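Dear colleague,

I am passing on the structure we spoke of, together with some notes on its aromatic rings. Please read them alongside the model below.

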Amino acid sequence: MKVIGITGGVGSGKSALLKYIAKNYNCRVILADEVAHQAKEPGQPCYEELIKLLSSDILNEDGTIHKGKMAEKIFASEELLKKVNQIIHPAVKKMILDEITLEKRRGELDFLFLEAALLIEDGYLNIVDEMWYIYARDDVRRMRLKKSRNYSDEKTDAIMKTQLSEENFRKNCSFVIDNSGGIEEAYRQIDIKLGEDL
């Protein structure tokens, strides 16, 4: 089983391409965002620590963490945001590593895909067998974000500013998919690449 990391800037089309891969290949897709969400549930690794740090104000009536209340607290304070990341990131990485180990032991998959915005920054290069960069031109990404998420130019600018440069993505990835054109063209690039690996 080959472990492949998928990264790229906001609006590059990672989700659409991963849906295609999941449907057409004998693989599993792990989304780091979903794992992070899971890690915050009652009984999971981060739950108690987050309440200790942010107080029970962030809880819903049923005891689950209220996403909005938590976001409000941490984005108001850089210090808290840093502490929350120090709780969540290592827990997410451990949960992902456990899943990779499990799938390797099962031996049923050809590929395991791992998607996260911060794969490179969070040190996943030494966990995956190869890293793919989903590239799309800036104007294409802006248009997609406006259309699919209703983002303003200011919001898109702010997000893009916090992400790695194209040069950095390319430097750290062994394979680049150009998703600036039609989606079929991106699918073709994936099929050629994965066809070689099977």
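Which residue lies over the face of Tyr124, and at what distance from the ring centre? It is Lys93 that lies over this face, 5.2 Å from the centre of the Tyr124 ring. Please bear in mind that the model is predicted. A second ring with a charge over it is that of Tyr135, where the charged end of Arg170 sits 4.9 Å from the ring centre.

Turning to contacts between rings, the count comes to seven aromatic pairs. One of them joins Tyr25 and Phe111 in an edge-to-face arrangement, with 6.4 Å from centre to centre and 80 degrees between the planes. Because Tyr25 lies in the loop between α1 (14–24) and β2 (27–31), while Phe111 belongs to strand β3 (residues 111–115), this pair ties together parts that are 86 residues apart in sequence. Both Tyr25 and Phe111 are buried.

The pair of Tyr133 and Phe169, by contrast, is stacked, its centres being 4.8 Å apart and its planes 10 degrees from each other. Here strand β4 (residues 130–135) contributes Tyr133 and helix α8 (residues 166–172) contributes Phe169, so that the pair ties together parts 36 residues apart in sequence. With a relative accessible area of 4%, Tyr133 is buried, and Phe169 likewise counts as buried, at 3% relative accessibility.

Finally, Tyr25 and Phe111 also belong to a cluster, in which ring pairs link them with Phe113, Trp132 and Phe175.

With best wishes

Note on methods
Residues numbered from 1 in each chain as written. Predicted model: local features only at pLDDT ≥ 70, side-chain atom pairs only at ≥ 80, totals over all residues. Heavy atoms only, no water. Phe/Tyr/Trp six-rings, centres within 6.5 Å; stacked < 30°, edge-to-face > 60°. Helix = DSSP H or I, 4+ residues; strand = E, 2+ residues; numbered from the N terminus. Buried < 20%, exposed > 50% of the residue type's maximum accessible area, 1.4 Å probe, protein only. Lys NZ or Arg CZ within 6 Å of the ring centre and 35° of its normal.
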